[in-house]
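Me: I have a structure open and would like to know how its labels are earned. Could you take me through a few of them?

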Amino acid sequence: MSIRTLAIGLLAVAAASAQPPGRGGAPNWGPRLVGAEPGRQGPVVKGAPFSADLITETTQALADGNHIHQTSTSHLYRDAEGRTRREQSLDGLGVLAPNAKLPPVVFVNDPVAHVNYALRPSAHTATRSAGAAAGPGGRMHGAQAKSGGQSLKTESLGHQTIEGVQTEGTRTTTTIPAGQLGNEQPIQIVTETWYSADLQMVILFKRTDPRSGETVTRYANISRTEPPHALFEVPADYKVTDSAGRGARTVTK
């Protein structure tokens, strides 16, 4: 597979997931094709503009005592109408192409025009696809449930100010019983989310799984000012191509 083909494939997968995380379930942090964490688009949020860095850190402990630590950063923007923009480096997906230097890409979701764009600034091109609205989800507090033989316990962690934003914390512990996966002892997976009702999104997400290690995803350098409108538009000199779902065709602006 060529680097160009790989990059186009990543654009197609990620173009429809440009929303910041919402309240329901685990947040959608963007194009993570390997061990996707997670894969749900958040609802459209109006009246809560912001810009911030989104930092994801993964740490995996190996049996010989060694550790693998990886960090990726993207930049996110949301305007008062709910449009979002994510500037993402694909180098964080180097496991798919270890020696590749992939150019950065930009994902724009416009719920007003019901359209998504995946931009490649290095080539001055954009892929356009139809936007799909996502509905809000729910959250359990102080509850226990069972799914597929696994027990699930959710508890409140109270309130905490993170990056100047007031948040509410929830810890969910999933227990996989002994023998379900060939495991001799029960396996516990712990996730922790800190949700901002003001911004209507998860500010901090932690997941600890003894099989894969720890993942921490968080917003940093949060600004509550309205981003420039031009960030959510395709530059005039870009060549725009409709995705196959709209009947593939090229449109020159």
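Reply: Gladly! This is a predicted model. A good place to begin is the side chain of Thr217, which makes a polar contact with the side chain of Thr56 at 3.4 Å.

Me: What makes the pair Thr217 and Thr56 a polar contact?

Reply: The cut-off is 3.5 Å between N or O atoms, with one able to donate a hydrogen and the other to accept it. The two side chains are at 3.4 Å, so the pair counts.

Me: Why is Thr217 called buried?

Reply: Its relative accessibility is 1%, and buried means under 20%, so Thr217 qualifies. Thr217 is found in strand S12, and Ile203 is in contact with Thr217 and also with Tyr219 and Ile222, among others.

Me: How do you know that S1 and S12 pair?

Reply: At least two bridges are needed. Eight bridges join S1 to S12, therefore they pair, and they run antiparallel. One of the bridges links Ser51 with Ser223 in S12.

Me: What makes S1 and S2 a pair?

Reply: Against that cut-off of at least two bridges, S1 and S2 have twelve, so they pair, again in the antiparallel sense. Leu54 stands opposite Ser74 in S2. The hairpin of these strands has five residues between them, and there Gly65 takes a positive phi near 95°.

Me: Which residues have the most contacts inside the largest nonpolar core?

Reply: They are Phe50, Leu199, Met201, Ile203, Tyr219 and Ile222, in a core of 16 residues. Strands S1, S11 and S12 each supply at least two residues of this core. Apart from it lies another core of eleven residues, including Val106 and Phe232.

Definitions and conventions:
Residues numbered from 1 in each chain as written. Predicted model: local features only at pLDDT ≥ 70, side-chain atom pairs only at ≥ 80, totals over all residues. Heavy atoms only, no water. Core = buried A, V, L, I, M, F, W, Y, C linked by side-chain atoms within 4.5 Å. Buried < 20%, exposed > 50% of the residue type's maximum accessible area, 1.4 Å probe, protein only. Helix = DSSP H or I, 4+ residues; strand = E, 2+ residues; numbered from the N terminus. Contact = heavy atoms within 4.5 Å. Lists of a residue's contacts leave out its neighbours within four places in sequence.
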